[in-house]
Amino acid sequence: MRFLYLLVAVFVLLFQAAPGSADPIFPDTVECRNQGNFCRAGTCPPTFAASGSCHGGLLKCCSK
């Protein structure tokens, strides 16, 4: 019987927040990818230019 209470508690913890309801961890990364760009550590490839940042400023957002 105690197992049933534990099982219910686990389900409540797993399903208490709706998926996608939280703010993104790195909004700059989401914005970069929504514009069709990509994130990269270091410099962008030769035909691309840095147009912003990703992961809170740790990476560069590269665009054509």
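**Exercise 1. Which percentage of the 64 residues of the protein chain counts as buried?**

Solution. The model is predicted: local features need pLDDT of at least 70 and side-chain atom pairs count only at pLDDT 80 or more, while totals for chains, interfaces and linings use all residues. Residues are numbered from 1 along each chain as its sequence is written, and side-chain values use heavy atoms, with hydrogens and water left out.

Step 1. Buried means under 20% relative accessible area, exposed over 50%, and partly exposed in between, with a 1.4 Å probe and protein chains only.

Step 2. By this criterion, 17% of the 64 residues of the protein chain are buried.

Step 3. The chain exposes about 5,300 Å², of which carbon and sulfur atoms supply 65%; such areas come from the Shrake-Rupley method with a 1.4 Å probe.

**Exercise 2. State in what order the elements of the protein chain run from the N terminus on.**

Solution. Step 1. Helices (H or I, at least four residues) and strands (E, at least two) are DSSP runs, numbered from the N terminus.

Step 2. The protein chain has two helices and three strands, and these elements run α-α-β-β-β.

**Exercise 3. Determine the strand order of the sheet and which strands stand at its edges.**

Solution. Step 1. Two strands pair if DSSP finds at least two bridges between them.

Step 2. Strand β2 (residues 49-54) pairs with strand β3 (residues 59-63) in the antiparallel sense over five bridges; A49 stands opposite S63 in β3.

Step 3. β1 and β3 also pair in the antiparallel sense, over three bridges, with F38 opposite C62 in β3.

Step 4. The result is an open sheet of three strands in the order β1-β3-β2, with antiparallel pairing. β1 (38-40) and β2 each have a single partner strand and stand at the edges, so one side of each lacks a neighbour in the sheet. From one strand to the next, the twist averages 40°, where axes are lines fitted to C-alpha atoms and angles run from 0 to 180 degrees between N-to-C directions.

Step 5. The hairpin of β2 and β3 has four residues between the strands, and H55 takes a positive phi near 50° there.

**Exercise 4. Establish whether T29 is buried or exposed, and list its contacts beyond four places in sequence.**

Solution. Step 1. T29 lies in helix α2 (residues 27-34).

Step 2. T29 counts as buried because its relative accessibility is 7%.

Step 3. Contact means heavy atoms within 4.5 Å. Leaving aside neighbours within four places in sequence, T29 is in contact with C39, C54 and H55.
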